[in-house]
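Biologist: I should like to take a close look at a single part of this protein model. Could you please guide me through that part and its surroundings, step by step?

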Amino acid sequence: NTSTFQEEIGIGSQELSFWWNRRYKNSDMSFCFTACVVGMLLGFLAHALLLFGPSGACLVMVGHPLDLIKVRMQTGVGGGSVLGMMGKTLRAEGFGGLYRGVSAPLTAVTPLFAVCFWGYDMGKRCVRLWESKVMKREVTEFTIPQYCVAGGISAIPASLLMAPSERIKCLLQIQTNVGGVPKYNGMLDCAAKVYQEGGIRSLFRGFGATLLRDVPGSVVWFGVYEFAKKEMLRFQGHTDKAKLSPMAILTAGGLAGMANWTICIPADVIKSRFQTAPEGMYNGLWDVYRDLMAKEGPAALFRGIRPALIRAFPANAACFFGMEVGQKLLSFLD
């Protein structure tokens, strides 16, 4: 009955409180517990830095000039061909102009990729748990649809880091040195001014659009990568994934990147417009979409796809190759 249940809850709470006080009230025990937690976090960060830092940095540095052209095309800052816009940027802003806004993604890339691939691993665990507990069958080898589901799950935690980084990056990319003094003097100055204008909500402006882009994008990204690896493994006549050649990994990563951007470019256009628009210009993502359709038509949703696809192959090939090599080199830490 209810009174018996409440008594049991009360007794359980007292026992838990007594156990906690006995274990952690003592300062030495608290210190040891805190030290263990901090040590685990530092170990995770060190592992993430070594594993995802180089691969993420390769992706950013290889792809950023074309990403800048993509964002400027999407937001209406520039027009013309990809090579024409790159030449115009070089003449007006110098070589450094091609890397305008690179500090934000370069700073966020290590924790971002750590969270992304951790989310992918958690997604696979969720799939395995679903199959075991609900479908009553064990997963011996993941299927491509299961990899896709895990990839979609990975985008949810990653977007928490991606959204503010993308907001700052896009604002820095669309400003030029032509016609006056730039509004922002770097990543920290941009972040501070955005926060002053609208608080934390302004920094995370476009989070919904980032999810709208990255969830289906990650479904395709991981799904195509695993599918391409499986097919190339079969083509090479191997069954062990460890025997996959470097060229096969590079090709699989490049194809995955191109497939990802083919799917998510419309959501990326809406995100870029929304994140770079003045405060109060749009009331939400649907308002951005209606404005685009009314003024520029459906073709506007694919603006910037050329530099995005040109950038996608080498950048994502470098990313996945760096990740695979890092996993092999650091396998003793697992």
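Modeller: The following account begins with one helix and then turns to its surroundings. Please bear in mind that this is a predicted model.

The helix chosen is α9, which covers residues 285-295. Which residues of α9 are buried? They are Asp287, Val288, Asp291 and Leu292. When one looks down the axis of α9, these buried residues fall within an arc of 135 degrees, so they line one face of the helix. On the face turned away from this buried side, α9 carries the exposed residues Trp286 and Ala294. The buried residues, for their part, pack against α8, which spans 246-276.

Let us consider one residue of α9 in detail, namely leucine 292. Why does leucine 292 count as buried? Its relative accessibility is 1%, and buried means under 20%. Setting aside neighbours within four places in sequence, leucine 292 is in contact with Val269, Ile270, Arg273, Gly297, Ala300 and Leu301. One of these partners, valine 269, is 23 residues away from leucine 292 along the chain, while the C-alpha atoms of the two are separated by 9.6 Å. Another partner, glycine 297, comes just after α9 and takes a positive phi of about 85 degrees.

The packing of α9 against α8 can also be described through the helix axes. The axes of α8 and α9 come within 10 Å and cross at roughly 105 degrees. The two helices are therefore roughly perpendicular to each other, as angles of 65 to 115 degrees are placed in that class. On the side of α8, the contact is made by Val269, Ile270, Arg273 and Phe274; on the side of α9, by Leu285, Val288, Tyr289 and Leu292. By class, this contact has 7 nonpolar residues, no polar residues and 1 charged residue.

Helix α8 also meets α5, which comprises residues 144-174. The axes of α5 and α8 come within 9 Å and cross at roughly 75 degrees. That crossing makes α5 roughly perpendicular to α8. From α5, the residues in contact are Ala163, Glu166, Arg167, Cys170, Leu171 and Ile174; from α8, they are Asp268, Lys271, Ser272, Gln275 and Thr276. The residues of this contact divide into 4 nonpolar, 3 polar and 4 charged.

A residue of helix α7, threonine 210, also belongs in this description. With a relative accessibility of 0%, threonine 210 counts as buried. Apart from residues up to four places away in sequence, threonine 210 touches Ser159, Met162, Ala163, Lys271 and Gln275. Among these, Ala163 takes part in the contact of α5 with α8 on the α5 side, and Lys271 and Gln275 on the α8 side. Threonine 210 and isoleucine 270 are 60 residues apart in sequence, and their C-alpha atoms are 9.5 Å apart in space. Isoleucine 270 was named above as a contact of leucine 292, and it also belongs to the contact of α8 with α9.

Methods. Residues are numbered from 1 along each chain as its sequence is written. This is a predicted model: local features need pLDDT of at least 70, side-chain atom pairs count only at pLDDT 80 or more; totals for chains, interfaces and linings use all residues. Side-chain values use heavy atoms; hydrogens and water are left out. Helices (H or I, at least four residues) and strands (E, at least two) are DSSP runs, numbered from the N terminus. Buried means under 20% relative accessible area, exposed over 50%, partly exposed in between (1.4 Å probe, protein chains only). Contact means heavy atoms within 4.5 Å. The arc is that of the directions from the helix axis to the C-beta atoms. Axes are lines fitted to C-alpha atoms, for helices over the stretch in contact, and angles run from 0 to 180 degrees between N-to-C directions. Angles under 35 degrees count as roughly parallel, over 145 as roughly antiparallel, 65 to 115 as roughly perpendicular and the rest as oblique. Ala, Val, Leu, Ile, Met, Phe, Trp, Tyr, Cys and Pro count as nonpolar, Asp, Glu, Lys and Arg as charged, and the others, Gly among them, as polar.
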